[in-house]
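Reader: Please take me closely through the loops of this model, one after another, and tell me how their residues are placed and what they touch. I would like the cut-offs stated as you go.

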Amino acid sequence: MRTVAVIPAYNESSTIGSVVDGTSRYVDEVVVVDDGSSDGTAAIAREHGAHVVTHVFNTGVGGAVRTGYQYAIRHDYDFVVQVDADGQHDPAKIPTLLEHAEDADMVIGSRYLNESIDDYPLIRRLGITFFTTVVRKLGGIDITDVTSGFRVYRVSALQDILHRSDNHWAVEQTLEAAQRGQRIEEVSIEMPIRDEGESQFSLDTLVLYPLRMTDTVFRVLLFR
């Protein structure tokens, strides 16, 4: 079983080194997709042994992870582990995700299966709940945390669900997997709030959710 970790990173110089170090203990290769950083993220990742793929400009997390997925497909890996660069995801939990992936196509680390979600701001919890409810209804799957970025994919299944949108990529990808009948599992993983940086969730983005969700749903249900 050949495994690769994909770490999307944008200006994460303060955390990327320790994340690469921790992740490399549990996978065969660590790939950092430097998404147009200007703070030395790429150089630090290389110093810690990661293979770095650099975007000339920032595309967002969706674009960065898609580049990592394509790398895994081209290099014939069996499983892709996705890890955030900010230190929110504990690399020591990777073996648990991989264990569940032996009988699944997608494994999602869920904050809702433990109490760590209680520390998240209300706006963010509303956003996660909104997306998850839509995917549950349309995809007919029982999940709790569709926006979680701590995941494992079976590469042979991932080739069929590469997302096109850089916004809400996790929603599009998970809904597509459900529509195709792929095996999706969730595992309880505690994810504390990051100490640095800003969340993508705000009141403004919450107001835009219905419009963006309509675009995502049409993309999966009508144009695939």
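Author: Asn 11 lies in the loop between S1 and H1, where helices (H or I, at least four residues) and strands (E, at least two) are DSSP runs numbered from the N terminus. This is a predicted model, in which local features need pLDDT of at least 70 and side-chain atom pairs count only at pLDDT 80 or more, while totals for chains, interfaces and linings use all residues. Residues are numbered from 1 along each chain as its sequence is written, and side-chain values use heavy atoms, with hydrogens and water left out.

The phi of Asn 11 is near 50°, a positive value in a residue other than glycine. With a relative accessible area of 29%, Asn 11 is partly exposed, given that buried means under 20% relative accessible area, exposed over 50%, and partly exposed in between (1.4 Å probe, protein chains only). On one side of this loop, strand S1 holds Thr 3, which is buried at 3% and touches, among others, Tyr 26, Val 27, Phe 79 and Leu 98, leaving aside residues up to four places away in sequence; contact here means heavy atoms within 4.5 Å. On the other side, helix H1 (residues 16–24) has Ile 16, Gly 17, Val 19, Val 20, Gly 22 and Thr 23 buried, and these pack against strand S1 (3–9), strand S2 (29–35), helix H2 (41–47) and helix H4 (94–101).

A positive phi also appears in the loop between helix H3 (61–74) and strand S4 (79–82), the place of Asp 76, whose phi is near 60°. Asp 76 is exposed, its relative accessible area being 60%.

The loop between S5 and H5 holds Ile 117, which counts as buried because its relative accessibility is 6%. Not counting residues up to four places away in sequence, Ile 117 touches Arg 111, Tyr 112, Arg 125 and Ile 128. The C-alpha atoms of Ile 117 and Met 191 are separated by 7.6 Å, although these residues are 74 apart along the chain.

Turning to charged pairs, the whole structure has 5 salt bridges, each being a side-chain nitrogen of Lys or Arg within 4 Å of a carboxyl oxygen of Asp or Glu. In one of them, the side chains of Asp 105 and Arg 154 meet at 3.5 Å, N to O. Asp 105 lies in the loop between H4 and S5 and Arg 154 in strand S6 (residues 151–154), so the pair ties together parts that are 49 residues apart in sequence. Both Asp 105 and Arg 154 are buried. Asp 105 also forms a salt bridge with Arg 183, the closest N and O atoms being 3.2 Å apart. This pair links distant parts of the chain, since Arg 183 is in the loop between H7 and strand S7 (184–188) and Asp 105 in the loop between H4 and S5, 78 residues apart. Arg 183 counts as partly exposed at 42% relative accessibility, whereas Asp 105 counts as buried at 11%.

A further salt bridge joins Asp 145 and Arg 111, with the closest N and O atoms 2.7 Å apart. Here Asp 145, in the loop between H5 and S6, is linked to Arg 111, in the loop between S5 and H5, across 34 residues. Asp 145 is buried at 0%, and Arg 111 is buried at 3%. Shared partners join Asp 105, Arg 154 and Arg 183 into one network of salt bridges.
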